[in-house]
Amino acid sequence: MKAELKIIIYQSLTTFYLLLITIYTMNREQLFNQIKTKRSFLCVGLDTDILKIPDFLKTTGDPVFAFNKEIIDATHDLCVAYKPNMAFYESQGVKGWEALEKTVNYIRQKDKNIFIIADAKRGDIGNTSNLYARAFFDYMDFDAVTVAPYMGEDSVKPFMTYPEKWVILLALTSNKGAFDFQFLKDEKSGDLLFESVLKTSQNWGDANNMMYVVGATKAEKLEDIRKIIPDHFLLVPGIGAQGGSLEEVARYGMNDHCGMLVNSSRQIIYASNGKDFAEKARNEAMNLQVDMEELLLEAELL
């Protein structure tokens, strides 16, 4: 009898947990509605480095979460997404993972309509990718995860088995090393490598479950990219500290659903290292939100 009761309780908890996951998923139309509601397509990167946060937080029990909480409180009404970069949490071991879990849960409590991206850049053989997907979508409850596509379809597909969760494929990154491989040309097709990624991956998913990383420092390529993937959302890093231009990104990359989540990390979260860090972060986020609102108006999307 006790064993049967345990099974019933376990099944009930599992059903309840899956219901929560369903509630917190976000499809393409819902994401666009959030962009229109907040008049923003800002993604705040939570690249929280324990060595860079204000000293007065380091005496708290969980300084990384304490920092993130203040940033979220200050910016959640100005952005539509947050993007924790896994390296900043994994480098702290167990404490880092605990801070990450608390951060995701706090974002959900603060605003259930915020889109949360695991910037993990995973990509491995199918059974391993399946476990990565389970970690980020079942256990951690992210909306999306960044994935490296270079091991091919079977390394990406496991992430796509979750309804209304998203894969964000690395296509054209913002770093200097992007030129080492991503611009290599296939002599037969004439395509650059990142263009091959865009074209081939169209067989794996669609605009409802797949986005692409396209760096703001490569804004001049967005016009050509839009010819290949006119409808997909793009995650665009490289604004601010890396020198990318928001206006250029919007000019070449925006579509009829806005189609962009523009990320800013250091410019916002490290605007100050004093006790006013959250206030300064809000000011930086607000400046970007105001600019984004103007660009949305110009595109007649509001």
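This dialogue walks through a core, a strand, a helix and one polar residue.

Reader: What kind of model is this, and how are residues numbered?

Author: This is a predicted model, where local features need pLDDT of at least 70, side-chain atom pairs count only at pLDDT 80 or more, and totals for chains, interfaces and linings use all residues. Residues are numbered from 1 along each chain as its sequence is written, and side-chain values use heavy atoms, with hydrogens and water left out.

Reader: Which residues have the most contacts inside the largest nonpolar core?

Author: In soluble globular proteins, nonpolar side chains tend to be buried together. A nonpolar core is a set of buried Ala, Val, Leu, Ile, Met, Phe, Trp, Tyr and Cys residues joined through side-chain atoms within 4.5 Å. Buried means under 20% relative accessible area, exposed over 50%, partly exposed in between (1.4 Å probe, protein chains only). The largest core here has 96 residues, and Phe-41, Phe-115 and Leu-261 have the most contacts inside it. Helix 13 (residues 277-298) gives the most to this core: eight residues. Helices (H or I, at least four residues) and strands (E, at least two) are DSSP runs, numbered from the N terminus.

Reader: Which way do the residues of strand 6 point?

Author: In a regular strand the side chains alternate between the two faces of the sheet. Met-210, Tyr-212 and Val-214 point one way from strand 6, Met-211 and Val-213 the other. Five of the five residues of strand 6 (residues 210-214) are buried, so the rest of the structure largely encloses it.

Reader: Which strands does strand 6 join?

Author: Two strands pair if DSSP finds at least two bridges between them. Strand 5 (residues 166-172) runs parallel to strand 6, with five bridges. Strand 7 (residues 234-236) is also parallel to strand 6, with two bridges. Tyr-212 stands opposite Leu-234 in strand 7.

Reader: Where do the buried residues of helix 2 lie?

Author: An α-helix has 3.6 residues a turn, so residues three or four places apart point the same way. In helix 2 (residues 28-38), the buried residues are Arg-28, Leu-31, Phe-32, Gln-34, Ile-35 and Lys-38. They cover an arc of only 155° around the axis (from directions to the C-beta atoms), so they sit on the same side of helix 2.

Reader: Is Asn-263 buried or exposed?

Author: Asn-263 is buried, with a relative accessible area of 5%. Look for polar contacts next (N or O atoms within 3.5 Å; within protein, one must be able to donate a hydrogen and the other to accept it, and residues adjacent in sequence count only if both atoms are side-chain atoms). The side chain of Asn-263 reaches the backbone nitrogen of Gly-45 at 3.2 Å. The side chains of Asn-263 and Ser-265 make a polar contact of 3.0 Å.
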